[in-house]
Amino acid sequence: MIGSNTTEAHPVLALRIKKAVRNGATLVVADPRKIWLTKLAKRHLQLRPGTDVWLLNAMMHTILTEGLQDEDFIRDHTEDFDAVREVVMRYTPEEAEKVTGVPAEAIRATAREYASERHAGIFYTLGITEHACGVDNIWSLANLVLMTGHLGYESTGLNALRGQNNVQGLNDSGANPTYLPGYQSVDDPEIRAKFASVWGGEVPATPGYRLDQMISGLHDGRIKALYLIGENPAQTEPNVHHVEEGLGNLEFLISQDLFLNETSRDHANVVFPASSFAEKDGTFTNTERRVNLVRTAVPPPGNARVDREIVIAMAKALGADWPEYPDAESVWNELAGLAPNWAGITYARLEQEGIQWPCVDSDDPGTPFLHAPRPARPNGRGKFFPVEWQPPIEQPDSEYPLVLSTGRTLYHYNSATMTMREAGILDKQEDPFFEISPEDASNLGLADGDWARLVSRRGELEARAQIGDRVYPGLVWMALHFAQARVNWLTHDVGDPLIGTPEYKVSAVRVERVPA
């Protein structure tokens, strides 16, 4: 388990992990903090934020020097292995200990255990991806999986725990600037023609903007208007002061959401009241690609409407000649008709059980293991990709001597527009807080519960100090949930050069006492 505070961010899955450990599974946690799962883990690799590539390359170094790699799998199912071998042989566990802070013998022991156990899986989430080297981190994990052959059968693989519910389904259905629904490339003229024939309009040949490009477009005039559906960038995007300045440049902003939030309250011209998952039909797709039906439990309250109805009404008001799409099933049928990997999934089948895509026709039972070796598999070899470590963008210095990392807590969800409304939850967690080590708190004269000021190059906030051993000296941690003390006032907005994901996990700050 690497870069995932599972019990708080994915508590249902965490119950499965706890059960597996009780049944004899070995758990190793790699995380800068002592998260709850470290109590169950055989070993906690408490690495410094942003040093994942060093840790993973050193594990692969151990596997290769001790001959633990799966040579048959590498030969039959992969390519470019030698390029990775050449790189990781320079990353010794002893040197990794100097960079990561993880003892060399702990790195070796974990590498041996992972390589030697047939049923060994890797689980990760935003602690891996929310770095300026996020893609490098994923490539490194993929190299480790391919090197050991832990792919294509039960209890193995590289398992991404999505940051929000149904992110998988959202991507599958086309919420991506590069792909049309079903991961079909927008730069393929045959694909565009197929969609145009059904949609009755020309499909643009160029990719759209990523989120980070949209934010920069608020400042250079490329973006004049925004239509936000379930988004609150005035709290959740990094360097929020800069984001809000950009939102102020807009000519028009629509917010479609369940409740008012910082963006809709301060910046929206129009708010469309939308519906929750309990108030509409549709499908959810989980992290194993299993599509399940969701049915309406209660009607939308007041003037709220189902998202599908709002989007269709908006399109028609703008002059688009869209079909009626009378229900969620009609939308699904269009998706399945255009995306081959979903062609065999129908609502009638989903009424009986969830189905894992790819599912190409009505006789296909679905695909339990996406990367199982198959003779007819196009481009069927896993590609190794050598990765060199790149340090985090912002390093601590004399003015900002501490590293700030961010995340979530059990009691709140993302920008907390739902959870901050509930008295029972607020009894558990209302005031903004940050975690700090006893050593750093003592040096600053802070007692547990004292208010303190966190300052970065971009902004400042006040929160209560929560002193404990969950973080090591030099690291502070804070959740993103608190609108009155938005941690993204502090974070920087430099992201991964390939996909733009911001480096939420490493920013330089200082902590100051606040007079009583």
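How are H12 and H14 placed relative to each other: parallel, perpendicular or oblique? This tour of a predicted model begins with that pair and then moves to other selections.

**First stop: H12 and H14.** Select residues 211–220, which form helix H12, together with residues 240–247, which form helix H14. The axes of these helices come within 8 Å and cross at roughly 55°. Angles from 65 to 115 degrees count as roughly perpendicular and those under 35 degrees as roughly parallel; H12 and H14 are therefore oblique to each other. Their crossing is left-handed. To view the contact itself, display Ile 215, Leu 218 and His 219 on H12. On the H14 side, add His 242, Val 243, Glu 245, Gly 246 and Leu 247. Sorted by class, the residues in the contact of H12 with H14 are four nonpolar, three polar and one charged.

**Second stop: a sheet of three strands.** Next, select strands E8, E9 and E10, which form an open sheet in that order with parallel pairing. At the edges are E8 (225–229) and E10 (270–273), each of which pairs on one side only. From one strand to the next, the twist averages 10°. Now concentrate on E8 and on E9, which spans residues 252–257: the two strands pair in the parallel sense over five bridges. Within this region, select Ile 229, which stands opposite Gln 256 in E9. Then add residues 307–317, helix H16, which lies across E8, E9 and E10 and runs at about 160° to E8.

**Third stop: Thr 236.** Select Thr 236, which is found in helix H13, residues 233–236. A polar atom of the Thr 236 side chain lies 3.0 Å from the backbone oxygen of Asn 232. Which residues does Thr 236 touch, not counting those up to four places away in sequence? They are Ser 415, Asn 488 and Tyr 504.

**Last stop: H3 and H5.** Finally, select helix H3 (residues 52–65) and helix H5 (residues 81–88), whose axes are 9 Å apart and which pack at an angle of about 105°. That angle makes H3 roughly perpendicular to H5. From H3, display Asn 57, Met 60, His 61 and Leu 64. These residues meet Phe 81, Val 84, Arg 85, Val 87 and Val 88 in H5. The contact of H3 with H5 comprises six nonpolar residues, two polar and one charged.

Key: Residues are numbered from 1 along each chain as its sequence is written. This is a predicted model: local features need pLDDT of at least 70, side-chain atom pairs count only at pLDDT 80 or more; totals for chains, interfaces and linings use all residues. Side-chain values use heavy atoms; hydrogens and water are left out. Helices (H or I, at least four residues) and strands (E, at least two) are DSSP runs, numbered from the N terminus. A polar contact is a pair of N or O atoms within 3.5 Å; within protein, one must be able to donate a hydrogen and the other to accept it, and residues adjacent in sequence count only if both atoms are side-chain atoms. Contact means heavy atoms within 4.5 Å. Two strands pair if DSSP finds at least two bridges between them. Axes are lines fitted to C-alpha atoms, for helices over the stretch in contact, and angles run from 0 to 180 degrees between N-to-C directions. Angles under 35 degrees count as roughly parallel, over 145 as roughly antiparallel, 65 to 115 as roughly perpendicular and the rest as oblique. A crossing is left-handed if the near helix is turned anticlockwise from the far one by less than a right angle, and right-handed if clockwise. Ala, Val, Leu, Ile, Met, Phe, Trp, Tyr, Cys and Pro count as nonpolar, Asp, Glu, Lys and Arg as charged, and the others, Gly among them, as polar.
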